Amino acid sequence: MVGAGLSGAVIGRKLAEAGHSIVVCDERNHIAGNCYTERDSDTGVMVHVYGPHIFHTDDEEVWSYVNSFQTFLPFVNRVKTTSGGRVYLLPVNLHTINQFFGKTLRPDEARDFITSIAESSIEDPKTFEEQALKFVGRDLYEAFFKGYTVKQWGCSPTELPASILKRLPVRFNYDDNYFFHRFQGMPENGYTEMVERILKHDRIEVRLSHRFTRSDTHDFDHVFYSGPLDGYYDFELGRLGYRTLDFERFNYDGDYQGCAVMNYGDLGVPYTRITEHKHFSPWEKHEKSICYREFSRACEEGDIPYYPIRMADEKALLERYVERASAEQQVTFVGRLGTYRYLDMDVTIREALDTANAYLGSLAGQAKLGAFFVTP
Ligand SMILES: Cc1cc2nc3c(=O)[nH]c(=O)nc-3n(C[C@H](O)[C@H](O)[C@H](O)COP(=O)(O)OP(=O)(O)OC[C@H]3O[C@@H](n4cnc5c(N)ncnc54)[C@H](O)[C@@H]3O)c2cc1C
């Protein structure tokens with residue numbers, strides 16, 4: 001397993017349980033990949049080192065899988081945003097609309113009101129901006145969508161495809177739970193302990209600070225590679241584009257913002273959001289606090305790749321890498337970097353379990369597992 005994140009850990013565990021001897025390596029000096037959490041020794045706060053991770057899923061099997069390695073405690077993601085000098089609730093809901101426009105609308109009235117201010121003259125929206133204007137009109141678009149999108153993606157919403165905003169991004173009730181999924185929670189002692197327990201098996205050996213290169217492939221019967229697909233080929237065809245994040249970490253004596261996530265929609269504020277990590281463990285009490293200001297920018301060589309960009313140019317390059325990888329017999333590319341997709345944790349675990357089963361099936365004479373279980 002190349003990578004000791006969720007992909008490598010879950011596949012490794014499943015194959016170890018089936019009797020295989022597994023080596024899990026990671027170039028970092030710790031397990032758990034981007035979900036890595038560590039308790040800060042000064043404040044006692046559980047810090048999500050590579051940015052906050054909230055577990056949410058509709059997949060009952062995945063939910064019981066994670067709960068078998070760690071107790072998950074209730075956490076509901078309720079995001080706030082500061083825009084134009086005021087604080088609002090996200091996702092944009094009835095409370096946001098009433099507060100923003102100084103009204104007391106009920107759901108049906110709000111629906112009619114939004115329809116009346118939406119730019120209905122846009123018939124066939126081509127860009128993110130046109131789609132947003134068609135859905136919610138200029139005022140809401142500029143307050144809640146425009147600035148955040150510019151900062152997050154580093155380009156104008158007029159350059160992004162309309163497909164990003166598939167549905168009306170507004171709720172006509174007071175539900176401010178960010179996620180729709182049935183199960184949502186946080187691991188009591190963090191994700192690192194959960195991954196540690198997944199990896200704790202007699203037939204699993206973990207090698208940290210160990211960078212895997214293509215030439216190592218022949219030392220193993222099979223390699224599951226959760227590193228970057230283009231990295232496996234030494235970026236020979238070019239680099240797949242990513243956005244990266246810079247976290248400006250700061251301490252605060254007390255409660256800095258009163259919530260876990262505060263977005264900043266205004267373009268005058270350079271960061272996209274501030275996260276306050278103790279609020280991700282609401283069952284714990286800490287006097288002191290640790291916060292991250294989050295800045296998004298283009299990923300360059302040496303940066304951590306966070307969000308795949310997947311626009312036309314990247315997709316064309318991805319296709320060339322996929323074509324090249326498809327010839328591999330001994331390697332399967334998995335996870336968010338191996339398949340160049342944004343994957344939530346639950347989807348990562350689901351695909352990892354299915355990939356391991358497909359591999360075991362192929363050894364038992366069923367269909368052969370190729371370079372991809374899910375072709376990106
Ligand atoms: C900022 C951010 C916030 C997120 N928040 C959420 C959230 O709230 N909820 C949610 O469900 N999901 C969230 N996710 C998604 C979540 O991080 C992923 O689902 C998960 O990390 C994917 O696991 P993985 O094992 O595929 O990849 P990773 O966790 O990235 O693990 C890959 C590992 O491979 C190692 N590696 C790479 N190349 C090599 C090499 N050549 N040799 C050795 N090791 C190598 C890396 O060091 C890394 O540790 C978030 C993602 C980001 C970027």
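1. Arg 273 stands opposite Glu 294 in S14, where two strands count as paired if DSSP finds at least two bridges between them. Helices and strands are DSSP runs numbered from the N terminus, helices being H or I of at least four residues and strands E of at least two. The structure is a predicted model, in which local features need pLDDT of at least 70 and side-chain atom pairs count only at pLDDT 80 or more, while totals for chains, interfaces and linings use all residues. Residues are numbered from 1 along each chain as its sequence is written.

2. The Arg 273 position belongs to a wider pairing, in that S13 and S14 run antiparallel and share four bridges. On the S12 side, strand S13 (residues 273-276) pairs with strand S12 (residues 261-264), again in the antiparallel sense and over three bridges. Within that second pair, Val 261 has Thr 275 of S13 as its bridge partner.

3. These strands sit in an open sheet of seven strands, whose order is S7-S6-S12-S13-S14-S11-S15 and whose pairing is mixed. Strand S7 (86-89) and strand S15 (307-308) stand at the edges with a single partner strand each, so one side of each is left without a neighbour in the sheet. As background, strands of a sheet pair through backbone hydrogen bonds, either parallel or antiparallel.

4. S11 deserves separate attention, since it has two pairings to describe. S11 and S14 run antiparallel and are joined by 11 bridges; in this pairing Phe 247 stands opposite Glu 294 of S14, and Arg 249 has Tyr 292 of S14 as its bridge partner. S11 is also paired with S15, in the antiparallel sense over two bridges, and there Tyr 242 stands opposite Pro 308.

5. Which helix lies across S6, S11, S12 and S14? Helix H5 (residues 128-153) does so, with strand S6 at 80-83, strand S11 at 242-253 and strand S14 at 288-298, and H5 runs at about 95° to S6. For such packing, residues are in contact if their C-beta atoms, placed from the backbone, lie within 7 Å. Axes are lines fitted to C-alpha atoms, for helices over the stretch in contact, and angles run from 0 to 180 degrees between N-to-C directions.

6. A second open sheet consists of three strands in the order S4-S8-S5, with antiparallel pairing. Its edge strands are strand S4 (55-57) and strand S5 (72-74), each of which pairs on one side only. Neighbouring strands of this sheet are turned by 45° against each other on average, with direction ignored. Three bridges join S5 to strand S8 (residues 183-187), the two running antiparallel, and Leu 73 stands opposite Met 186 in S8. Helix H2 (residues 60-67) packs on this sheet and touches S4, S5 and S8, its direction making about 150° with that of S4.

7. Two backbone details in loops may be worth inspecting. The peptide bond from Leu 90 to Pro 91 is cis, with omega near -15°, and Pro 91 lies in the loop between S7 and helix H3 (94-101). Phe 235, a residue other than glycine, has a positive phi near 55° and is found in the loop between helix H7 (229-232) and S11.

8. The ligand has 33 residues around it, of which Gly 3, Gly 5, Gly 33, Gly 227 and Gly 335 come nearest; a residue is near a molecule if its C-beta atom, placed from the backbone, lies within 6 Å of it. Helix H1 (6-17), helix H9 (335-338) and helix H10 (345-363) each supply at least two residues of this shell. By class, the shell has 13 nonpolar, 13 polar and seven charged residues, where Ala, Val, Leu, Ile, Met, Phe, Trp, Tyr, Cys and Pro count as nonpolar, Asp, Glu, Lys and Arg as charged, and the others, Gly among them, as polar.

9. As for the whole chain, the secondary structure comes to 10 helices and 16 strands, and the C-alpha trace spans about 65 × 50 × 35 Å along its principal axes. For 376 residues, a compact globule would have a radius of gyration near 21 Å, and the 22 Å of the chain agrees with this. That radius is taken over C-alpha atoms, and the globule rule is 2.2 Å times the number of residues to the power 0.38.

Technical notes: Contact = placed C-beta atoms within 7 Å.
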